[in-house]
Structures are given as C-alpha cells and as structure tokens.
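These are my notebook entries on a single protein chain. I set down what I looked up, in the order in which I took up each topic.

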Amino acid sequence: MTTNTRNTQAGTTHSTDGIRTVLVTSASGKTGRRVAERLGGRGATVRAGSRTGATPFDWEDPATWAPALRGTDAAYVAYYPDLAAPGAVEAMRTFGALAAESGVRRLTLLSGRGEPEALVAEEALRVAADGVELAVVRASFFSQNFSEGLLAEGVAEGELVFPAGDTAEPFIDVDDLADVVVETLTADGHAGRVHEVTGPRPMGFAEIAAEIARASGRPVVYRAVSEAEYAALLTGFGLPAAEAGWYAALFATLLDGHNASATDGVKRVLGREPRSFAAFAAEVWGGPRA
C-alpha cells in the first residue's frame, strides 16, 4: 500500500492530465462499466472493450488487443477471469509489450489482494510495459458479488453458500474501487505504486447475511461448505470440473484468514473513507418492499 497526496474530496477540480483516450478492458464487467462511466464523466474518450461492444476486445483473442490499444493514452487492465488464473502471466506479458509499442502512457492494473499468483502476473506486465506508467490496485472481495455476481442468486433465494468458514473479509464497494482506478488513470503521481484497497472493516459471511436480511426484511442465512463441496456445487451449475475446482480453490485460499484486515488505501487515494457494507446493503436491498 502506498501514499498519495492528491485527493478527490468535494470541491476538488479533476483533470485528465493529458490522458484523453482510455481503453477499458472487460468493460461490461462489474468494475469495467463503472470505470468507463466515470471516465466519460470526466471528459475522456472511452473505448469500452468487450467481446460484443463497439471496441472488440477479448482476453481469449490476443488479435483484438493491438487494434483496441492503438491511439490510446491509457488503459484499465482488468483481466478475466482473474489475474491468478492460468494464462494470466503470458497475457500480461503480451499485453504489456503491445501497450508499450502502441505508445500508451499509463496503465492501471486490477489485481487481487493476497494472491501470490497475481503478483507474478503483475511483474510480467511491469517488465513487458517498459516505459509505461503502471499503477496496481489490489482489491479485497467485492460487496457487489452478493448483488450482481456469483452469489446473487443464492442471496435472492435466502441462502449464502460459500467456502469461507468463519473468516472475516473487509469487503470493498466496487464504486469505491472504480473511483480509485479512475484517479490513478487521470491524475499524476501513481506511477510505480501499489494501492491496496478494502472496505472499512472485516466482516464474516454470517454477518454479511444478517446485514442483507436486515436491509431486505427477509431471511438470509450463511451456510459454510468445504472447498470440495463448493466445487461440486459449481459443477452442478454447469461449470467444467477443472474450472469449478480452480474457483473453489481460489476462494478457499483468499478466505483462509490472511486477508482479514482492513487498509486505508481508499482514503489515501480519494481523501475519504470507503463505504460500509451496511450502507451498500441499505441502498441495494432497502428499497420499497411488496
């Protein structure tokens, strides 16, 4: 985690500091679409890269990368499915070299907090993108995973099933994460820095379920399962066995307790505290009920 003196408190004038055209990879995802919206609001020309969008970009098709990068000043790098996934290191190496060849000035990479494999991918991008300003944002588990991600369906049905035991995690609101990413892309002073961002305090999954139940006015319970049980559950939903096993192992590793602490990364970059899960839950589930 690093320090940064620039802040974005109310009244601060924002500037793109010469960054005019920005490629947003995975622009249809939870972080990408929010980053794209915010960049557009600051007057940047946004290339929203996705498989089916106006700017074709597919992490599984390297032929789409150079055309999307050509003529851009900066890029938000959100690798799918995860920076710790097989193939990520080679992808970062290739993408970084293309970014440097294309004259890209600035990159911000989304990485996972406490993921050893992701560190290798970070370094691959850092070395390959020689001469390009690189900021890394390492994020904790997203609050939005419960409302628009892999856990949303279970939450809607009243049961939160996950291989987390009683481990606590400082869940981060993706809106806060997007604000941090946009700041690193549009403001000077972040080159070579790693920002580790989390929510304000660690919470266990049982506490998360209780908070959602309180906001929604309906029962939501947490059921802890083993890594193997969760892999079998994902396979039952149609994921290939190898992919299901990889996801289950990743979640079990990330939620083994080594990430059970909060950082002040959001405040250091933005000059304000991150949003609490309670506030997030109240906004998402606390609307009018039938």
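Is T198 buried or exposed? I looked up its accessibility and found 0% relative accessibility, so T198 counts as buried. I note at the outset that the model is predicted.

**Entry 1: surroundings of T198**

I placed T198 in the loop that joins strand 9 (194-197) to strand 10 (203-204). Leaving out residues up to four places away in sequence, I listed its contacts as R113, S140, P170, I172, S261, A262, T263, V266 and P274. One of these partners also makes a polar approach: the backbone nitrogen of T263 lies 2.9 Å from a polar atom of the T198 side chain.

**Entry 2: confidence**

I checked how far the coordinates can be trusted. The protein chain has an average pLDDT of 92, and 93% of the residues score at least 70. Over residues 1-15, however, pLDDT stays under 50. For that stretch the model has 40 contacts beyond four places in sequence. I shall not read those contacts closely, because predicted coordinates should not be read in detail where pLDDT is low.

**Entry 3: D173 and helix 6**

I next looked up D173, which sits in the loop between strand 8 (168-169) and helix 6. D173 has a relative accessible area of 1%, and is therefore buried, the limit being under 20%. Its contacts, not counting residues up to four places away in sequence, are S143, Q144, R275 and F280. At the start of helix 6, a side-chain oxygen of D173 comes to within 2.8 Å of the backbone nitrogen of D175. I also took one long separation: the C-alpha atoms of D173 and A241, 68 residues apart along the chain, are 30 Å from each other.

Helix 6 itself covers residues 174-186. From first C-alpha to last, its 13 residues reach 18 Å, close to the 18 Å expected at 1.5 Å a residue. I found helix 6 mostly covered, with eleven of the 13 residues buried. Among the buried ones are V174, D176, E183 and T186.

**Entry 4: the nonpolar cores**

Which residues touch the most other members of the largest nonpolar core? In this core of 31 residues, they are F146, L160, F162, F205, F277 and W285. I traced where the members come from: strand 7 (159-162), helix 7 (205-216), helix 8 (227-236), helix 9 (241-254) and helix 11 (277-285) each supply at least two. Helix 7 gives the largest share, six residues.

I followed F205 further. Setting aside neighbours within four places in sequence, F205 is in contact with F141, F146, L151, L160, F162, A164, T167, F171, Y222 and L255. I then noted another core, lying apart from the largest one, with 28 residues that include W59, L69, A75 and L98.

**Entry 5: aromatic pairs**

I counted 26 aromatic pairs. In one of them, F141 and F146 are tilted, at 6.2 Å centre to centre and 50° between the planes. Both F141 and F146 are buried. A second tilted pair is F277 with F280, at 5.4 Å centre to centre and 55° between the planes. F277 and F280 both belong to helix 11, three residues apart, about one turn of the helix. I found F277 buried, at a relative accessible area of 3%. F280 counts as buried at 2% relative accessibility, and F280 is also one of the contacts of D173 in Entry 3.

Note on methods
Residues numbered from 1 in each chain as written. Predicted model: local features only at pLDDT ≥ 70, side-chain atom pairs only at ≥ 80, totals over all residues. Heavy atoms only, no water. Core = buried A, V, L, I, M, F, W, Y, C linked by side-chain atoms within 4.5 Å. Buried < 20%, exposed > 50% of the residue type's maximum accessible area, 1.4 Å probe, protein only. Helix = DSSP H or I, 4+ residues; strand = E, 2+ residues; numbered from the N terminus. Contact = heavy atoms within 4.5 Å. Expected span 1.5 Å × (residues − 1). Polar contact = N/O pair within 3.5 Å; in protein donor to acceptor, adjacent residues only side chain to side chain. pLDDT = per-residue confidence, 0-100. Phe/Tyr/Trp six-rings, centres within 6.5 Å; stacked < 30°, edge-to-face > 60°.
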